[in-house]
Structures are given as structure tokens and as C-alpha cells.
Amino acid sequence: MEPLEIASIKGFRDIFPEEARAWQWIEAEARRVFEVFGFLEIKTPLLEKTELFSRSIGQETDIVSKEMYTFHDIGGRSLTLRPEATASVTRAYIQHRPYQAYPIQKLYSIGPMFRHERPQKGRFRQFYQINAELFGDPGPKSDADMICMAVFLFQSLGLDHVILNLNSLGCPVCRPRFKEELKGYLADKGPRLCEDCQRRADSNPLRVFDCKVDGCREVVSEAPSITGFLCQACREHFESLQNYLSDLDIPFILNSQLVRGLDYYNRTTFEMQTERLGAQNAVAGGGRYDGLVKLLGGPDHPAIGFAVGLERVAALIEDSRPFQDKRPDLFIAALGEAAGNEAFKWAEALRRKGLWVEFDYGSGGLKSQMKKADRLGARQVLIVGDNELAAGRGVLRHMLRKEQVEVELKDLRTVLEGMLKDETERESRD
Ligand code: HAM
């Protein structure tokens with residue numbers, strides 16, 4: 001029989017520890033920043049009823065029309081792996097009514113999303129988002145607060161080259177007028193548009209802006225701009241937002257082409273973009289979606305949110321690694337059976353105290369154990385043979401400084417804890 005080769009699915013990645021360490025750091029920074037803005041974590045299921053996404057995101061969007069992982073379960077229900085988090089968090093908000101206890105709800109979540117897109121650099125079929133949603137305030141102060149949080153996050157990640165792009169998509173009062181204008185503009189552009197956009201030009205003309213096909217991009221580059229069509233209320237909202245951002249010294253550029261690929265937005269939309277990632281230039285995107293809670297059967301509550309693409313952020317910090325890599329605090333190099341057995345017990349005792357301790361499962365010589373300690377990046381190595389064990393002493397070697405001291409084994413824990421404390425203090429000073 002041929003050997004069966006089972007590799008991962010295209011667009012689905014394995015994240016090995018070195019990259020996962022970067023993710024942990026990004027996530028920790030996000031939690032730290034979000035929590036000082038009063039956001040609390042929510043976890044929602046990966047699987048939802050298909051209708052939740054098709055109604056929220058919109059039938060004509062790329063996501064719903066061709067990118068969802070949808071299947072029928074054993075009970076015959078149509079289910080979909082979430083392509084984004086906003087619809088799910090909104091569903092949870094409506095279902096559990098947390099607003100009854102407190103009218104402003106600020107919720108964040110971190111987890112995988114699924115879209116059947118064409119995989120390429122920075123674009124995957126399973127990808128992770130750090131997502132934040134604020135329910136219950138119509139803005140524009142909450143818009144500015146939300147955007148400020150996204151900007152703080154990128155600053156705390158050291159990504160100063162990321163540029164905030166801002167737009168307003170108007171509201172149900174003024175957007176229909178713009179749509180009509182756009183329809184008129186697109187009406188005779190049929191031959192220059194792709195097949196999908198020829199259809200959308202009439203049914204949902206805003207979606208033509210999302211298309212990645214060159215011909216369609218050319219056509220929309222000369223399209224009328226929504227900014228000229230905003231009603232007074234939307235114009236004032238947008239101007240106040242810009243004033244708040246300027247007061248906070250947050251730079252932005254106005255980008256009237258920024259319609260975002262989801263139907264639920266109204267008024268403010270924004271994206272954090274960089275030139276360092278090639279075609280996939282958006283590291284985060286979001287906007288206001290005042291109509292979605294009601295559309296999904298909830299009360300008429302406004303909302304705004306954004307999501308950060310974790311893989312894209314990780315790619316941006318790949319070379320700089322602006323965080324400490326984790327490394328063992330101690331490797332116990334035991335020589336001889338008795339020392340080996342003691343090492344096992346010490347390791348478990350020190351681990352209970354929170355130290356990362358490694359030892360050799362086998363019975364390698366000193367050279368091979370030192371090599372292992374080195375490869376793991378252990379800070380210190382305790383060397384004990386059966387003779388030292390009998391004398392109650394061992395040698396503690398500092399691997400970076402290449403210094404070693406004799407230690408009384410009974411004092412090992414205190415000595416180690418003292419050394420590690422000094423080291424941590426030094427590292428946080430450096
Ligand atoms: P989105 O623009 O579709 O918005 O996705 C947000 C971010 O997720 C993008 O800027 C990008 O960094 C990342 N991303 C999207 N698709 C992929 C992919 N295939 N591979 C890798 N990264 C990707 C939303 O999803 C909205 N739910 C954001 C939002 C929250 N709006 C309001 N609240």
C-alpha cells in the first residue's frame with residue numbers, strides 16, 4: 001500500500017513556538033491596552049448559523065458570496081465557520097442582553113476566522129483576529145476613543161509606520177443618493193468590469209470598491225466620492241471625529257475609497273495600513289455599524305468596532321522581535337544515577353516555585369548535557385555528580401556570563417531565586 005501523506009489544508013498554517021511567542025506578546029499587549037480602555041474579553045463559538053453571517057455581512061459581499069466555509073450538519077442545519085467576529089459578538093449581545101446591567105458594552109475577543117480566499121503572502125484561509133466592539137454609543141466621541149485604542153495598540157507594538165485611513169460612508173438618509181450616483185457612473189462601464197462587478201454595479205454598487213481585479217480598480221479610482229454626498233448630521237459627525245483625533249494628536253489621512261468589504265457599516269470607517277506588507281496592506285480595519293443590532297432582531301443600539309490581523313502584525317515584528325524570548329531558568333546536568341534521580345526531584349520542586357527547569361531524561365555525559373542546555377538557551381546550569389551529591393554541593397554555571405560558583409544544594413532554591421531576581425531587574429533596565 002502507498003504511504004498516506006496527510007499534510008495541512010492549503011491556507012491553514014501551523015504556528016511553531018518561535019512565531020507563537022511573538023503572537024503571545026502581541027496578544028498580551030492587546031489585552032493590556034484594551035483593558036485600560038475598559039474592554040473585557042468575550043469568547044463566542046467558531047460555528048454559527050449561516051444566516052447570521054449572510055444577513056450581517058451582506059449577500060453581495062465577497063465574504064458571503066464566495067468565501068464562507070458552510071456545510072450542513074447531521075441535523076441538516078446550514079452552519080458556517082465564522083469569517084469574522086462582529087456578527088457573532090452582536091448575536092451574543094442580543095441574545096444575552098448585557099446592556100440591561102450596563103448600557104455601554106465594550107467587548108474584545110481573540111481567535112481564528114475562516115475565509116476561503118486565494119492564499120498569498122499575508123492572506124490565509126484560517127487567520128486570527130484581535131477584535132474589539134463597543135455597543136451603546138452613537139459617537140463621535142466613542143469613534144475617536146475606539147480609533148485611539150487601535151492607534152495606541154500599534155504604538156505599543158512599535159509599529160509607527162502604520163497609517164490611519166479614515167472615511168465616512170454616510171447613513172440610510174444620505175447613502176442612497178450616493179449609491180444612485182455611483183450606479184449612474186458604473187452604468188456604461190460594464191465592459192471594463194469583471195463579471196461579479198457587472199452584477200454588483202446595479203445590485204450593490206459600493207461593493208465594486210472592494211474588487212481586487214485591475215480593471216475594476218481603475219474604474220473606481222475615478223468614481224464619485226461619498227464625501228460630497230454626506231447629509232448634515234453625517235458631515236458633522238465626521239468633522240467632530242476628525243477634531244477629536246487632531247486634539248489627541250492622532251494623525252490620519254482621509255481616504256474616500258475606503259468602503260470596507262462588509263455591508264453593515266455606516267458613517268465612520270477606518271483602516272490601519274502599511275506599505276511594508278505588499279498587497280495585503282491592511283493590518284486592522286473597522287467602523288461604525290449602527291443598524292446591525294436591530295437588523296439581527298435586537299434593540300436599536302449603535303455600535304462601532306475594529307479587528308486587527310494577527311498574522312500581519314506578527315509579520316511586521318518578525319525581524320525586530322521587540323520582546324524577551326522565554327528560556328529555561330535552570331538546566332540540571334546530573335552525572336551518575338543517584339544525582340540523576342535527585343535532579344528529577346529538585347526539578348519538580350523548583351517548578352512548583354515557578355522556575356522553568358530542564359534536565360536530561362537520558363544519561364548523557366557532561367558535554368552532551370551542556371550542549372543541550374546551551375541549545376535550549378538555559379540561563380544557568382547546575383552540575384552535580386554523585387560525589388558532589390554526597391558532599392551536598394554543586395556547581396552553578398551562568399551560561400551567558402560564563403561564570404560559575406559553588407553552591408550548597410540545600411540553599412539551591414534561595415540562590416537561584418536571588419540570581420533570577422537580579423537578572424530580571426537587569427533585563428527590565430536594559
Ligand atoms: P476585515 O477588514 O474583514 O474586518 O478584517 C480585519 C483585519 O483582519 C484585516 O485588516 C486584516 O488585517 C485581517 N484579515 C482579514 N482577512 C484576512 C485573511 N484572509 N488572512 C489574514 N488576515 C486577514 C472585519 O473582519 C470586521 N469584522 C472588523 C470590524 C470589527 N468591524 C467592526 N468591528
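## A walk from strand β9 to the far sheet

Start by selecting Ser-168 and Thr-268: the two are bridge partners, with Thr-268 sitting in β9. Before you go on, note that this is a predicted model, where local features need pLDDT of at least 70 and side-chain atom pairs count only at pLDDT 80 or more, while totals for chains, interfaces and linings use all residues. Numbering runs from 1 along each chain as its sequence is written, and side-chain values use heavy atoms, with hydrogens and water left out.

**Strand β9 and its partners**

Now pick residues 266-273, which make up β9. Strands here are DSSP runs of E, at least two residues long, numbered from the N terminus. Is β9 covered or open? Mostly covered: eight of its eight residues are buried, meaning under 20% relative accessible area with a 1.4 Å probe, protein chains only.

Add residues 163-168 to see β7, which runs antiparallel to β9 and is joined to it by six bridges. Strands count as paired if DSSP finds at least two bridges between them. Then add residues 282-288: that's β10, also antiparallel to β9 and also linked by six bridges. In that pairing, Gln-273 stands opposite Ala-282.

**The ligand**

Keep Ala-282 selected and show the ligand. A backbone N or O atom of Ala-282 lies 2.9 Å from a ligand oxygen. Next, show Glu-117, where a side-chain N or O atom is 2.6 Å from a ligand nitrogen, and Arg-115, where a side-chain N or O atom is 2.9 Å from a ligand oxygen. Polar contacts like these are pairs of N or O atoms within 3.5 Å. On its own the ligand exposes 660 Å², and the protein buries 96% of that; areas come from the Shrake-Rupley method with a 1.4 Å probe.

Widen the selection to the 27 residues that surround the ligand, the closest being Glu-84, Glu-117, Glu-133, Arg-260 and Tyr-265. The criterion is a heavy atom within 4 Å.

**Over to domain 2**

Colour by domain: domain 1 is 17-174 + 230-316, and domain 2 is 330-429, with bounds from an automatic or database assignment. Their C-alpha centres are 47 Å apart.

Now find the open, mixed sheet of five strands, ordered β13-β12-β14-β15-β16. β13 (357-359) and β16 (403-408) are at the edges with a single partner strand each, so one side of each has no neighbour in the sheet. From one strand to the next the twist averages 25°.

Finish on residues 380-385 (β14) and 393-398 (β15), an antiparallel pair joined by four bridges. Select Val-381 and you'll find Arg-397 of β15 opposite.

Definitions and conventions. Buried means under 20% relative accessible area, exposed over 50%, partly exposed in between (1.4 Å probe, protein chains only). A polar contact is a pair of N or O atoms within 3.5 Å; within protein, one must be able to donate a hydrogen and the other to accept it, and residues adjacent in sequence count only if both atoms are side-chain atoms. Axes are lines fitted to C-alpha atoms, for helices over the stretch in contact, and angles run from 0 to 180 degrees between N-to-C directions.
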